[in-house]
Amino acid sequence: MTRLYFDQIKGQDFAKRYITNAMNKNMLNNAYIFEGIKGIGKKTFAREFAKILIGVSPENSPDFNVIAKEEGSHRIKIEKIRKMKEDVYEKPISDYKIYVIENAELMSEEAQNAILKTIEEPPGYAIFILIAENKEALLNTIKSRCDIVKFVPLSNDIVKNHLIENLGLDEEYAKMCANFSKGSITRAIELANDEEFKEMREFIQNCISIISEKKKLDIERLADGVEKYEKQIMNFLDIMVNYFRDIIMFKEGINLLTNTDRITFIENMSEKINGSQIAKIIDIIEDTKKKLKGFCSFKMSMQVMFLNIYEVIK
């Protein structure tokens, strides 16, 4: 009889099917790479996987081990892998011994080479789960010995509902945070609690309002105000583009807005700026992003951007 697992995991249908099939057919590998962006359930899945295999909550079992970088360090050092290698040959209490390596791409090359030998000839009871945002940072020899399980961004509805149920957010604000989260619950929670993000959105709305009034001097002055967001300028420009895209979609009657909690503002702007102007403004902002990535002067780039926007809007 086929058993079903991972009912509590949100989304990740491929990962559920892949691991469930392996368990039902008694064909588990000794090493896996769980790859995907931050905040989509890789660690939660690994813990649930471990719970199924060892039969108890992982946190209460010596057969469950997490290897992570030390606080303040940018690498998982070889000493941590050496300690794991010593431990792996001590037989488990349960049927399995699980090792979860968080941010596995942060292992030094030395550490990766050290774990490779263990993955090549592991004890039958050992299962290694390497959690990574980018598997390409791992040695090819490691990747070739692991089953790679791809985790995908969560749907906006899953993220939105998580925010409503766990943070008590109202539906429109939760929906907006989900829209900006790129499918990551972690990112959505950060945005929901980020006062600077809220302030940035207010400032961007003010910028767009000033642009809609078509007064050259006021528009040119916006470049000075943007300076406080220099370190977050790519996020700033992305949010700005999202607002202008929302205005176009509202004009076209397309119900796929990102800033769903600002519908009144978007409706007002849709009456002041036409579609052709918005398309040109978006192109100007995207071109500015390219220039900034090419290390052009921040101040000059902002001045030119707002001047070009005025030429479109006047």
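This is a conversation between a trainee and a mentor about reading features in a predicted model.

Trainee: What should I know before I start?

Mentor: The model is predicted, so local features need pLDDT of at least 70 and side-chain atom pairs count only at pLDDT 80 or more, while totals for chains, interfaces and linings use all residues. Residues are numbered from 1 along each chain as its sequence is written, and side-chain values use heavy atoms, with hydrogens and water left out.

Trainee: Let's try a helix. Which residues of α10 are buried?

Mentor: First the words. Helices (H or I, at least four residues) and strands (E, at least two) are DSSP runs, numbered from the N terminus. Buried means under 20% relative accessible area, exposed means over 50%, and partly exposed is in between, using a 1.4 Å probe and protein chains only. In helix α10, residues 216-226, the buried ones are Ile-219, Leu-222, Ala-223 and Val-226.

Trainee: Where do they sit around the helix axis?

Mentor: Here's the general idea: an α-helix has 3.6 residues a turn, so residues three or four places apart point the same way. In α10, the buried residues fall within an arc of 105° seen down the axis, so they line one face of the helix. That arc is taken from the directions from the helix axis to the C-beta atoms.

Trainee: And what covers those buried residues?

Mentor: The cover includes α9 (195-213), α11 (233-252) and α14 (298-313).

Trainee: On to charges. How many salt bridges does the structure hold?

Mentor: A salt bridge is a side-chain nitrogen of Lys or Arg within 4 Å of a carboxyl oxygen of Asp or Glu. The structure holds 23 of them. One joins the side chains of Lys-38 and Glu-190, at 3.8 Å from N to O. This pair links distant parts of the chain, 152 residues apart: Lys-38 is in the loop between β1 (31-35) and α2 (42-54), and Glu-190 is in helix α8 (residues 185-192). Lys-38 is partly exposed at 47% relative accessible area, and Glu-190 is partly exposed too, at 38%.

Trainee: How far apart are the closest N and O atoms of Lys-160 and Asp-157?

Mentor: They are 3.9 Å apart, in a salt bridge. Both residues belong to helix α6 (residues 156-167), and being three residues apart, they are separated by about one helical turn. Lys-160 is buried, with a relative accessible area of 12%.

Trainee: Is Arg-201 buried or exposed?

Mentor: Buried, with just 1% relative accessible area. Arg-201 forms a salt bridge with Asp-261, where the closest N and O atoms are 2.9 Å apart. The pair links distant parts of the chain, with Arg-201 in helix α9 and Asp-261 in the loop between α11 and α12 (263-270), 60 residues apart. Asp-261 counts as partly exposed at 23%.

Trainee: Which residues do shared salt bridges join into one network?

Mentor: Glu-35, Lys-135, Glu-136, Lys-143 and Lys-150, through salt bridges that share partners.

Trainee: What about backbone angles? Which sign of phi does Gln-12 have, positive or negative?

Mentor: Positive, about 55°, although Gln-12 is not a glycine. Gln-12 lies in the segment before α1 (13-24) and is buried at 5%. Lys-214 has a positive phi of about 65° and is not a glycine either. You'll find Lys-214 in the loop between α9 and α10, partly exposed at 35%.

Trainee: Last one: pockets. What volume does the largest pocket have?

Mentor: Rolling a probe the size of a water molecule over the atoms shows where empty space is left. On a 1 Å grid over the protein atoms alone, using a 1.4 Å probe, a pocket is an open set of points with protein on both sides within 12 Å along at least five of seven lines, and lining residues have an atom within 4 Å of a point. The largest pocket holds about 390 Å³ of space. Of its 19 lining residues, the closest to the centre are Gly-39, Ile-40, Gly-41, Lys-42 and Thr-44. Helix α2 gives the most to this lining, with three residues.

Trainee: And how many residues line the second largest pocket?

Mentor: It is lined by 17 residues, with Phe-180, Lys-182, Arg-187, Asn-235 and Asp-238 nearest its centre. The volume of the second largest pocket is about 330 Å³, and α11 gives the most to its lining, with four residues.

Key: Contact = heavy atoms within 4.5 Å. Points joined across faces, edges and corners; volume = space filled by probe spheres on them.
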